[in-house]
Amino acid sequence: MRRRTVLAVGSLVAGVALTVVGLRPGSTGAAGTAAAVAAAVVLVVAVSYAVDRGLADGDHWQPAAQESGHRVPVPQAEEPEEEGTADDDGDRGLLRGLSWRWILWGSDRRGGESGGSDRSGGEPWGSGAVEENADDAGESTDGPTVRTHVTNRWTGVAGVGLALAVAGVVARTPGLVLAGAVGVAFAGYVGVSEPPGVVDPETGDPVVTVERSVDAASLDPGEAVTVTVTVRNTTDRVLSDVRVVDGVPPALSVTTGSPRHGAVLGPADETEFSYTVTARRGEHDWDPAEVVLAGPSGAVERELRVDVATTLRCRPPALDTDRLPLRGAGTQYAGQVETDEGGAGIEFHSTREYRPGDPLSRIDWYRRAETGEFATLAFREERAAKVMLLVDSRRAAYRAPTPDGTHAVQRSVDAAGRTFTALLDTGDRVGIAALGRAVDDCWLPPGAGDDHRAAGRELLTSHPALSPVLPARDFYAAFRDDRRETLERRLIAHVHQRLSPTAQVLFFTPCCDDYPVTVARRLDAYGHPVTVVSPDPTAADTPARRAARAARDDRIGDLRRAGVRVLDWGADEPFDVALARAEERWSG
Amino acid sequence: MSDGTGDHAADNVPTDPHAADRVTDDTTEVPAFDSRPTRTSTVIAVGLAATAALVVPTAAARLVALAGAAFVAVGAVFGSRQAASAGTVAIVAGVTLAGFGPSAPGRFVASTLFALLAWDAAQYGITMGEQLGRDAATARSELVHAAVSATVGTVGAAVATGTYLLVDAADSGLALVALLAGAVLLVSVMR
């Protein structure tokens with residue numbers, strides 16, 4: 001910073017010197033003009049630092065990005081600790097030590113950056129957001145929180161005016177003094193213009209109300225939903241500058257339109273805007289709409305959060321049932337898993353001696369005709385499976401090929417949802433569990449029936465353990481490494497204990513770390529046939545990401561060598577296609 | 001794989017097995033938030049800055065002011081408050097330079113007024129771009145803002161010029177002193 005300060009001061013001095021050279025009476029023609037232009041450019045550069053960095057370092061409020069949904073890490077060799085925290089501009093405040101403010105105003109008008117005083121009087125020189133209670137009477141009520149942003153966008157205009165006036169006096173040019181008066185007029189305007197009131201002084205209600213309507217409150221993933229927001233001025237004054245940024249749920253992304261709007265609202269006026277979001281699986285609550293009111297001068301912006309409860313529910317889709325990678329172990333119920341036991345079925349299994357009571361349709365009449373003996377045909381029995389859909393929803397599973405892409409947990413839950421309904425349709429008994437934050441909370445034992453179906457869809461739609469938004473921190477992050485390993489091992493044993501002994505496991509995991517491999521192998525070893533469905537979240541655009549992809553391939557190879565069936569589900573591949581491909585591999 | 005719609009009832013098996021797949025694997029292109037300065041204010045700022053520079057009386061000073069106008073334009077288009085502010089200062093510096101030669105007072109006043117309005121519009125466009133973006137409907141707010149600022153500036157300029165013409169004390173310098181004193185007073189009150 002010091003180096004840049006020296007640079008700025010140096011260029012300032014050089015600019016002044018060049019100006020003197022360029023404008024001295026003797027110099028005329030090209031040389032003089034060139035010097036003047038060079039001087040102007042150098043001065044502009046110098047002043048630009050002084051004006052914007054040192055002087056008018058206002059509080060420029062910027063709302064968080066609403067459009068693109070939340071971001072998740074892309075798998076790479078060294079997993080990032082945090083993603084998406086754009087580092088602040090750490091290089092501000094050049095010339096701060098010089099205090100141009102002091103030169104122009106005689107004292108530091110910033111009034112301390114702690115900003116503890118009440119700025120509702122509208123001191124345009126302060127900086128930094130000031131949070132204050134909306135209730136101007138000073139009582140602490142639970143009214144809406146108002147943040148005041150002092151933009152400092154007019155800082156220096158009085159200085160410009162005074163400088164012009166002084167130059168006019170020195171040069172004895174009335175026009176310059178009059179020009180200075182324009183600058184001073186603007187400064188006076190900014191000084192007297194009041195910051196807009198954001199709450200009704202009597203009732204404490206916000207002066208604007210926001211209504212939000214969603215054209216379908218419940219729908220399937222991928223459908224477009226139009227959100228219409230109405231902003232109404234409840235006062236009898238004109239609100240000259242109303243800016244609204246709607247709080248789009250983090251997991252949704254805006255596809256058309258903009259969730260932001262600027263308006264001028266007359267008394268009791270209202271304005272409407274709409275945008276479209278693409279629904280994703282889950283239960284999505286809208287954040288409060290952020291409303292910024294600014295006076296006509298724009299020197300002070302007041303930010304208000306208006307909470308409007310809106311929820312969009314989006315259930316995971318269903319799936320065609322034919323191709324499901326169930327393994328050969330069943331329950332006593334009839335179903336679609338082909339077992340090695342003979343009985344009633346379709347495919348021929350064996351013949352055995354006739355026993356009284358065997359159905360007539362299964363008697364082998366050809367043999368009776370040939371040899372005169374009764375025999376009974378046995379067919380391969382098809383039984384219902386008991387299946388546990390285990391979804392890896394640990395923090396490490398929230399990975400996507402691009403930071404704003406569909407992440408592996410989302411894909412896992414979608415696939416689990418389809419599998420769930422498809423298996424129920426074929427009479428299998430299915431349960432759902434999340435391997436992650438709260439395995440006991442999110443545990444639906446295998447069952448059947450309409451109630452069970454509804455419960456399962458509800459759990460997949462809105463259970464917080466399967467949230468489409470990346471959890472704030474890893475469940476085990478607080479523990480030491482060895483303790484963590486113990487707990488993770490214990491979790492596997494716990495899952496095994498809760499699983500019914502005959503249940504097979506469909507384990508949905510991106511396999512981005514070693515833990516899912518351990519889970520799958522152990523559960524397999526405990527006697528639950530495990531099939532891993534692994535949505536691939538890896539990318540190959542950087543060496544670190546290619547390394548992560550290779551590591552994942554290795555893990556999948558390990559699983560396959562250990563006898564666990566793995567469905568490697570590519571990022572661009574429909575689930576059905578991946579299933580069909582896997583089916584071929586497994587039957588072949 | 002664009003925004004496919006799940007064309008099946010939630011609990012039924014879909015007739016088209018691939019219909020459901022469009023859902024999970026959709027990679028809908030999400031338009032990124034465009035935080036560039038909003039168009040209306042940018043146009044206003046560039047236009048006013050150019051006018052301000054062209055109104056500057058003498059040729060050498062006009063060059064300086066044009067350089068400033070270019071900076072304002074760059075700031076307004078690319079969203080740099082720094083450049084916009086610096087450009088405004090440069091235009092005003094051009095006006096000051098011109099003030100050391102003889103000219104009608106009106107041109108100084110007009111140039112300064114336009115320069116400050118351009119500065120205001122550029123900053124407003126940048127702010128609106130940061131907060132609401134180019135895709136939001138902001139034109140009406142921008143026009144109202146520009147109109148209010150223009151009114152304030154014009155009234156200020158008219159009052160000052162009117163006073164000057166009314167007092168008509170070119171040789172005594174009384175009007176200048178009165179204006180200057182008034183200006184200082186105003187600023188001190190404002191603080």
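These are my notes on one sheet, one histidine and the aromatic pairs of a predicted model.

Entry 1, the sheet. I looked up the strand order in chain A and found an open sheet of six strands, ordered 18-17-16-19-20-21, with mixed pairing. I noted strand 18 (443-447) and strand 21 (565-569) of chain A as the edge strands, each of which pairs on one side only. Neighbouring strands of this sheet are turned by 15° against each other on average, with direction ignored. At the strand 21 edge, I found that strand 20 (residues 530-535) of chain A runs parallel to strand 21 and is joined to it by five bridges, and that Thr531(A) stands opposite Arg565(A) of strand 21.

Entry 2, the histidine. I placed His145(B) in helix 6 (residues 139-167) of chain B, and I count this residue as buried because its relative accessibility is 4%, where buried means under 20%. Its side chain makes a polar contact of 3.0 Å with that of Asp120(B). Leaving aside neighbours within four places in sequence, I listed the contacts of His145(B), among them Arg153(A), Pro296(A) and Tyr124(B).

Entry 3, the rings. My search of the whole structure gave five aromatic pairs over all chains. In one of them, Trp154(A) and Trp119(B) have ring centres 5.9 Å apart and planes at 85°, so I recorded the pair as edge-to-face. Trp154(A) lies in the loop between strand 2 (145-150) and helix 4 (157-171) of chain A and Trp119(B) in helix 5 (residues 105-131) of chain B, so this pair joins two chains. Both Trp154(A) and Trp119(B) are buried, and ring pairs link them with Phe186(A) into a cluster.

Entry 4, Trp569(A). The charged end of Arg411(A) sits over the ring of Trp569(A), 4.4 Å from its centre.

Methods:
Residues are numbered from 1 along each chain as its sequence is written. Chains are lettered from A and ligands numbered from 1 in the order in which they are written. This is a predicted model: local features need pLDDT of at least 70, side-chain atom pairs count only at pLDDT 80 or more; totals for chains, interfaces and linings use all residues. Side-chain values use heavy atoms; hydrogens and water are left out. Two strands pair if DSSP finds at least two bridges between them. Helices (H or I, at least four residues) and strands (E, at least two) are DSSP runs, numbered from the N terminus. Axes are lines fitted to C-alpha atoms, for helices over the stretch in contact, and angles run from 0 to 180 degrees between N-to-C directions. Buried means under 20% relative accessible area, exposed over 50%, partly exposed in between (1.4 Å probe, protein chains only). A polar contact is a pair of N or O atoms within 3.5 Å; within protein, one must be able to donate a hydrogen and the other to accept it, and residues adjacent in sequence count only if both atoms are side-chain atoms. Contact means heavy atoms within 4.5 Å. Rings of Phe, Tyr and Trp (its six-membered ring) pair if their centres lie within 6.5 Å; planes under 30 degrees apart count as stacked, over 60 as edge-to-face and the rest as tilted. A charge sits over a ring if NZ of Lys or CZ of Arg is within 6 Å of the ring centre and within 35 degrees of the ring normal.
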